[in-house]
Amino acid sequence: MTNESATTSSEIDQAVAVLRAGGLVAFPTETVYGLGADASNDAAVARVFSVKGRPTDHPLIVHLGDAEQLDSWAAIVTPTARLLADAFWPGPLTLLVERSSSVSLAVTGGRSTVGLRVPDHAVALELLRAFGGGIAAPSANRFGRVSPTTAAHVVADLGDDVDLVLDGGACRVGVESTIVDLTGEVPVVLRTGGISIDRLEEVLGYAVEVQVSAEPSKGGARAPGMLEAHYAPEARIILSSENDVVDVVIGALASSTGPVGLLAGTVLVGLPEDVIELEPAGTADDYAAVLYSRLRQADRLGLSVLVCVPPPNVGIGLAVNDRLRRAAASSI
Ligand code: TXA
Ligand code: MG
């Protein structure tokens with residue numbers, strides 16, 4: 001399904017030229033497409049915020065071409081940061097570290113920390129290595145909406161507001177990177193994502209703290225942007241367990257004025273005829289890979305309601321459950 005080398009070297013050259021000139025380049029990563037700008041160019045970074053419609057105190061992740069660059073972007077590279085970078089980069093893990101003094105406050109939303117990651121995608125790595133510097137990039141969608149996992153999603157969302165879109169096929173992982181804050185006494189997971197908590201703990205050798213709520217009292221304020229209402233399609237999202245799904249669908253059909261759809265991992269039996277079943281999402285890994293496409297499909301089909309049966313809440317399933325919960329919270 002993925003086509004990670006669809007981009008030609010002249011497209012990479014063109015993308016580098018756009019970045020050097022302060023323009024915006026959307027590029028594929030293994031998680032979602034990013035809306036990239038030269039992280040050292042404040043005017044370019046400001047354009048990212050304005051195109052996304054995102055508050056300027058929500059920091060951007062800086063993407064790097066290799067793990068060695070950690071030394072120039074972090075004030076100090078702790079043994080834990082080195083350990084995790086060595087174990088998971090390139091890969092869907094973002095490390096929050098104290099920023100080095102050369103990192104612009106425009107990127108960090110005025111914070112003393114910076115989020116860094118090396119993406120695991122051939123086109124992203126080629127671009128980063130040809131560019132040489134850091135590329136600041138949020139997901140290439142308008143603020144609060146569903147993240148893009150194909151180049152067509154980016155074009156549909158941002159149109160002419162982005163100077164160049166590199167097409168690297170459909171994103172393999174499909175949900176965003178896991179964010180780990182390394183600036184406290186113990187590593188804290190602020191966003192679940194492509195690297196599971198189990199894998200982090202395996203490498204660290206101890207349990208990590210998980211604080212993925214957006215409520216400041218629960219620590220969510222450490223990652224502004226982790227709003228409860230996020231990842232929102234137009235359709236109203238209702239979550240259901242597999243056991244309750246028939247009743248939930250019947251209830252949705254009774255109360256909704258428009259079409260009702262269903263997204264589940266497998267084909268379910270006993271459903272009312274009127275429900276529009278989207279193609280089953282499969283295992284938790286497959287579910288993550290197709291989640292955002294399915295949410296967009298719900299909107300294309302003009303569904304009023306999409307009932308979702310999430311995968312088990314373990315491994316990457318944690319991230320799928322988190323995104324679905326936020327999408328559901330957005331639609332109340
Ligand atoms: O998979 C990903 O991480 C994708 C791809 C493009 O790399 N990027 C992504 O970026 O999801 P964005 O901007 O949509 O989400 C980044 C999250 C935001 O919630 C932001 O607040 C948080 O990371 N973040 C980034 N730097 C931070 C910092 N210094 N302190 C606290 N939170 C930070
Ligand atoms: Mg985003």
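Domain bounds here come from an automatic or database domain assignment. With that settled, I looked up the split: the chain gives domain 1 (9–218) and domain 2 (236–331). I am working from a predicted model. Taken over C-alpha atoms, the centres of domain 1 and domain 2 are 28 Å apart.

**Entry: the domain contact**

I checked who takes part in the contact and got 20 residues from domain 1 and 14 residues from domain 2. Then I pulled the buried area between domain 1 and domain 2, which is about 1400 Å². Carbon and sulfur atoms give 52% of that area. On the domain 1 side, I noted that Val-146, Val-175 and Thr-192 lose the most area to domain 2. Together these three make up 34% of what that side buries.

**Entry: polar links across the interface**

I counted two salt bridges between domain 1 and domain 2. For polar contact across the same interface, I found seven residue pairs, both partners at pLDDT 80 or more. The domain 1 residues that touch domain 2 sort into eight nonpolar, eight polar and four charged.

I also looked up Arg-296, whose side chain meets that of Asp-157 in a salt bridge at 3.0 Å, N to O.

**Entry: Arg-323 and Glu-176**

What is the distance between the closest N and O atoms of Arg-323 and Glu-176? I read 2.9 Å for this salt bridge. Arg-323 sits in helix 11 (residues 317–330) and Glu-176 in the loop between strand 7 and strand 8 (178–181), so the pair ties together parts 147 residues apart in sequence. Are the partners buried or exposed? Arg-323 is buried, at 1% relative accessibility, and Glu-176 is buried as well, at 4%. I followed the links outward and got a network of salt bridges joining Glu-176, Asp-322, Arg-323, Arg-325 and Arg-326.

**Entry: other salt bridges**

My tally for the structure is 11 salt bridges. One of them pairs Asp-163 with Arg-47, the closest N and O atoms being 3.1 Å apart. Asp-163 lies in the loop between helix 7 (151–158) and strand 7 (164–165), and Arg-47 in helix 2 (residues 42–52), so this pair ties together parts 116 residues apart in sequence. Asp-163 comes out partly exposed at 41% relative accessibility, and Arg-47 partly exposed at 30%.

I also noted Arg-142 and Asp-161, whose side chains meet in a salt bridge at 3.1 Å, N to O. Arg-142 is in the loop between strand 6 (135–136) and helix 7, and Asp-161 in the loop between helix 7 and strand 7, so the parts tied together are 19 residues apart in sequence. Arg-142 is partly exposed, at 30%, and Asp-161 is partly exposed too, at 33%.

Terms used. Residues are numbered from 1 along each chain as its sequence is written. Chains are lettered from A and ligands numbered from 1 in the order in which they are written. This is a predicted model: local features need pLDDT of at least 70, side-chain atom pairs count only at pLDDT 80 or more; totals for chains, interfaces and linings use all residues. Side-chain values use heavy atoms; hydrogens and water are left out. Contact means heavy atoms within 4.5 Å. Buried area is the accessible area (1.4 Å probe) that two parts lose on being put together, summed over both. A salt bridge is a side-chain nitrogen of Lys or Arg within 4 Å of a carboxyl oxygen of Asp or Glu. A polar contact is a pair of N or O atoms within 3.5 Å; within protein, one must be able to donate a hydrogen and the other to accept it, and residues adjacent in sequence count only if both atoms are side-chain atoms. Ala, Val, Leu, Ile, Met, Phe, Trp, Tyr, Cys and Pro count as nonpolar, Asp, Glu, Lys and Arg as charged, and the others, Gly among them, as polar. Helices (H or I, at least four residues) and strands (E, at least two) are DSSP runs, numbered from the N terminus. Buried means under 20% relative accessible area, exposed over 50%, partly exposed in between (1.4 Å probe, protein chains only).
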